[in-house]
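Here is a friendly briefing to read alongside the model. Please keep the viewer open as you go through the points.

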Amino acid sequence: MEPFFDFMASMAGRVTRIIAGLALVLIGFLVLGGIWGWILAIVGLVPLLAGLFDRCVFAPLFGLPFVGPRLRQALEDRGK
């Protein structure tokens, strides 16, 4: 799982989460509409905000830090 977290902790991972979150929010509001659109938009807020605030929501499930800088440090320490 470390390659996954290496990517998620990188700038490319953050940008990917932001774009995916924006896409889900926009699809929810502009394409679906109604209650399902709201649900999709709320779900899309998770990766959007995680990318914007440099957090990785899956890392704690694998015993890694939630906050981006600490996650990158932990991954670097594991690699040594």
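The buried residues of helix 1 pack against two partners, helix 2 (11-32) and helix 4. Keep in mind that this is a predicted model. The protein chain holds four helices and zero strands, and the points below take these helices in turn before moving to single residues.

**Helix 1 and its packing**

- Phe5, Met8 and Ala9 are the buried residues to look for in helix 1.
- These residues cover an arc of only 95° around the axis, which puts them on the same side of helix 1.
- An α-helix has 3.6 residues a turn, so residues three or four places apart point the same way.
- The packing can be read from the other partner too: what covers the buried residues of helix 4 includes helix 1 (2-9).

**Helix 4**

- Helix 4 runs over residues 68-79, and at 1.5 Å a residue its twelve residues should span 16 Å. Its end C-alpha atoms are 17 Å apart, which agrees with that expectation.
- Gly68, Leu71, Ala74 and Leu75 are buried in helix 4.
- The arc they cover around the axis is only 125°, which puts them on the same side of helix 4.
- Arg70 is also found in helix 4, but this residue counts as exposed because its relative accessibility is 56%, and the cut-off for exposed is over 50%.
- Arg70 and Gly44 are 26 residues apart in sequence, and their C-alpha atoms are 24 Å apart in space.

**Helix 3**

- The 19 residues of helix 3 should span 27 Å at 1.5 Å a residue, and the distance of 26 Å between its end C-alpha atoms agrees.
- In helix 3, the buried residues are Gly37, Ala41, Gly44, Leu48, Ala50 and Gly51.
- Helix 2 is included in what covers these buried residues of helix 3.
- Leu40 lies in helix 3 and counts as partly exposed, with 21% relative accessibility. The label follows because buried means under 20% and exposed means over 50%, with partly exposed in between.
- Beyond its neighbours within four places in sequence, Leu40 is in contact with Leu24, Ile27, Gly28 and Leu32.
- The C-alpha atoms of Leu40 and Ile18 are separated by 15 Å, with their positions 22 residues apart along the chain.
- Ile42, found in helix 3 as well, is exposed, with a relative accessible area of 51%.
- The C-alpha atoms of Ile42 and Val25 are separated by 7.1 Å, and the two residues are 17 residues apart along the chain.

**Asp54 and Arg14**

- Where is the place of Asp54? Asp54 sits in the loop between helix 3 (34-52) and helix 4.
- Asp54 follows helix 3 and has a positive phi, near 55°.
- Is Asp54 buried or exposed? Its relative accessible area is 10%, so Asp54 is buried.
- Setting aside its neighbours within four places in sequence, Asp54 is in contact with Arg14, Phe66, Val67, Gly68, Pro69 and Arg72.
- Arg14 has its place in helix 2, and this residue is buried, with a relative accessible area of 19%.
- Which residues does Arg14 contact, leaving aside its neighbours within four places in sequence? They are Met8, Gly51, Leu52 and Asp54.
- Among these contacts of Arg14, Met8 is one of the buried residues of helix 1, and Gly51 is one of the buried residues of helix 3.
- Among the contacts of Asp54, Gly68 is one of the buried residues of helix 4.

**The chain as a whole**

- Read along the sequence, the pattern of the protein chain is α-α-α-α.
- The C-alpha trace spans about 50 × 20 × 20 Å along its principal axes.
- The protein chain has 80 residues, and 30% of them count as buried.
- Among contacts in the protein chain with a separation of 6 or more, 42% are between residues 24 or more positions apart.
- The accessible surface of the protein chain is about 5,200 Å², and 76% of this belongs to carbon and sulfur atoms.
- The side chains include 7 positive and 5 negative ones, and the centres of the two sets lie 7 Å apart.

Definitions and conventions
Residues are numbered from 1 along each chain as its sequence is written. This is a predicted model: local features need pLDDT of at least 70, side-chain atom pairs count only at pLDDT 80 or more; totals for chains, interfaces and linings use all residues. Side-chain values use heavy atoms; hydrogens and water are left out. Helices (H or I, at least four residues) and strands (E, at least two) are DSSP runs, numbered from the N terminus. The expected span of a helix is 1.5 Å times one less than its number of residues. Buried means under 20% relative accessible area, exposed over 50%, partly exposed in between (1.4 Å probe, protein chains only). The arc is that of the directions from the helix axis to the C-beta atoms. Contact means heavy atoms within 4.5 Å. Accessible areas come from the Shrake-Rupley method with a 1.4 Å probe; for residues, only the protein chains shown count as cover. Lys and Arg count as positive and Asp and Glu as negative; His and the chain ends are not counted. The place of a charge is taken as NZ of Lys, CZ of Arg, CG of Asp or CD of Glu.
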